Amino acid sequence: MENKPDVTLRLSADSPEDIRTAGELLRAGGLVALPTETVYGLAADALNPVAVSRIFTAKGRPSDNPLIVHIADLAELGTLCAAVPDAAVLLAARFWPGPLTLVLPRRDLVPGAVTAGLPTVAVRLPASQAARAVIQAAGTPLAAPSANRSGTPSPTTAAHVWHDLNGRVDAIVDGGPCAVGIESTILDLSGDKPRLLRPGGVTQAELEEPLGPVEVDPAVLGPLSPENAPRAPGMKYRHYAPRAPVYLLRGPSGAAAVWVRNHAQPGAAVLCFDGERALFEGVTRVSYGPENDPSSLALNLFDALRRLDRPDVTVIYARCPEGDGLYEAVRNRLGKAAGFRQVTVAGYR
Ligand code: TXA
Ligand code: MG
């Protein structure tokens with residue numbers, strides 16, 4: 001199979017025959033994009049290093065950024081991981097299937113291409129029925145990063161995947177829009193203390209309830225200093241970003257609107273909350289949900305960023321919600337898109 005098939009097959013998650021086809025393509029070393037509850041993934045047989053290397057080519061992904069391995073059955077965790085601590089068993093029982101990825105010591109059978117040479121492997125058992133059906137049809141664990149071109153916003157619909165990867169992958173399984181909209185929470189359980197590497201659908205408080213305190217990796221909250229080597233290598237790259245520079249715009253709606261009116265040049269656009277559309281009248285704007293509804297913000301964020309990726313938009317001011325839980329994950333993705341650059345406004349002028 002070539003790195004760039006001429007034709008990308010469209011498959012439906014509702015068709016058992018299409019699921020079988022996806023499984024066959026994957027067993028043969030092919031690349032298949034598939035829906036999960038978080039975002040669409042670009043899957044290959046995790047135990048086939050040649051197939052895995054095609055993922056990096058198709059995405060344009062740096063080879064030092066490791067992949068998450070997706071399983072359909074809890075028993076496979078022990079096949080992939082050299083040690084499964086009690087904390088992992090506890091969390092798997094509580095949050096799997098679901099949007100939680102666990103980083104654990106790897107067994108030798110996991111190719112270095114998947115883990116970027118790290119001694120650990122990231123594993124997740126997705127909630128999406130379609131994802132699990134494809135894993136089962138393939139009969140092997142699937143390595144799957146988000147199914148976007150490296151650096152662009154993650155795909156939450158089959159159309160997003162088609163836009164980025166048509167002609168570069170063998171098939172796309174369409175399962176409709178994703179339910180969560182941002183990627184899984186990543187928790188590293190390979191060290192002394194549990195460490196949050198990426199906030200997501202399972203919140204820090206939900207993890208701490210059974211585990212006790214969880215350390216938050218510095219890369220979650222702000223830019224990394226050069227001497228601070230990232231624990232999740234992907235954290236050092238700019239991510240989720242349209243071509244135009246993004247700035248977080250924090251503070252109350254009214255003050256933000258005044259700031260934009262005073263500072264926005266032609267070509268400026270605003271990613272705003274639903275209730276703010278009238279405030280930003282006259283400026284290109286895309287809203288991504290009500291400010292008080294973090295699930296909606298998570299669900300719509302990447303689609304909204306993609307809609308702002310237009311030639312006439314030269315700078316994007318992104319309204320950034322405050323709060324913890326899922327807000328943390330939304331803020332993290334916006335922060336990455338902005339390289340953590342931000343403007344904070346206070347009060348009206
Ligand atoms: O929700 C998700 O997790 C989606 C869907 C498709 O499952 N996948 C996803 O994959 O977001 P990706 O490649 O876009 O992000 C994987 C992240 C990267 O930041 C990578 O550095 C980190 O996981 N990662 C993978 N293996 C790791 C490891 N052994 N140690 C630390 N971080 C790891
Ligand atoms: Mg990604």
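Where does proline 97 lie? In this predicted model, proline 97 is found in the loop between α4 (86-95) and β5 (100-105). The peptide bond that leads into proline 97 from tryptophan 96 is cis, with an omega near -5°.

**Helix contacts**

The helix α4, which precedes that loop, takes part in one of three helix pairs described here, and the table gives the axis geometry of each pair.

| Helix pair | Axes come within | Crossing angle | Handedness |
|---|---|---|---|
| α1 (residues 16-27) and α6 (residues 129-138) | 7 Å | roughly 50° | right-handed |
| α11 (residues 294-307) and α12 | 8 Å | roughly 20° | left-handed |
| α4 and α8 | 10 Å | roughly 125° | right-handed |

The axes of α1 and α6 cross at roughly 50°, and α1 is therefore oblique to α6. On the α1 side the contact is made by Ile19, Ala22, Gly23, Leu26 and Arg27, while α6 contributes Ala130, Ala133, Val134, Ala137 and Ala138. Sorted by class, the residues joining α1 to α6 are eight nonpolar, one polar and one charged.

For α11 and α12 the crossing is at roughly 20°, so that α11 counts as roughly parallel to α12. From α11, the residues Pro294, Ser295, Leu297, Ala298, Leu301, Phe302 and Leu305 meet Leu326, Tyr327, Val330, Arg333, Leu334 and Ala337 of α12. The contact of α11 with α12 comprises 11 nonpolar residues, together with one polar and one charged.

The axes of α4 and α8 cross at roughly 125°, and because of that angle α4 is classed as oblique to α8. Here Ala87, Leu90, Leu91, Arg94 and Phe95 of α4 meet Glu206, Leu207, Glu209, Pro210 and Leu211 of α8. Divided by class, the contact of α4 with α8 holds seven nonpolar and three charged residues, with no polar residue.

**Loop residues**

Ahead of α8 in the chain is threonine 203, whose place is in the loop between β10 (195-198) and α8 (204-211). With a relative accessible area of 14%, threonine 203 falls under the 20% limit and is therefore buried. Leaving aside residues up to four places away in sequence, threonine 203 touches Gly325 and Leu326, and Leu326 is also among the α12 residues that meet α11. Threonine 203 and leucine 100 are 103 residues apart along the chain, yet their C-alpha atoms are separated by 9.4 Å.

Valine 110 is placed in the loop between β5 and α5, and is likewise a loop residue that counts as buried, because its relative accessibility is 2%. When residues up to four places away in sequence are not counted, the contacts of valine 110 are Leu80, Thr115 and Val121. Between valine 110 and arginine 132, which are 22 residues apart in sequence, the C-alpha to C-alpha distance is 20 Å.

Which value does phi take in alanine 116? In this residue, which is not a glycine, phi is positive and near 55°. Alanine 116 sits in the loop between α5 (112-115) and β6 (120-124). The relative accessible area of alanine 116 is 27%, so this residue is classed as partly exposed. Phenylalanine 340 also has a positive phi without being a glycine, with a value of about 65°, and this residue lies in the loop between α12 (326-337) and β16 (342-344).

**Cysteines**

How many disulfides does a search of the whole structure find? The number is zero. Cysteine 320, in keeping with that result, is in no disulfide, and the nearest cysteine sulfur, belonging to cysteine 272, is 14 Å away. A disulfide would need the two sulfur atoms within 2.5 Å, and the 14 Å from cysteine 320 to the sulfur of cysteine 272 does not meet that limit. Cysteine 320 has a relative accessible area of 3% and is therefore buried. Cysteine 178 is also counted as buried, because its relative accessibility is 6%.

Conventions. Residues numbered from 1 in each chain as written. Chains lettered and ligands numbered in written order. Predicted model: local features only at pLDDT ≥ 70, side-chain atom pairs only at ≥ 80, totals over all residues. Heavy atoms only, no water. Buried < 20%, exposed > 50% of the residue type's maximum accessible area, 1.4 Å probe, protein only. Axes fitted to C-alpha atoms, helices over the stretch in contact; angles between N-to-C directions. Helix = DSSP H or I, 4+ residues; strand = E, 2+ residues; numbered from the N terminus. Parallel < 35°, antiparallel > 145°, perpendicular 65-115°, else oblique. Left-handed = near helix turned anticlockwise from the far one by under 90°. Contact = heavy atoms within 4.5 Å. Nonpolar A, V, L, I, M, F, W, Y, C, P; charged D, E, K, R; others polar.
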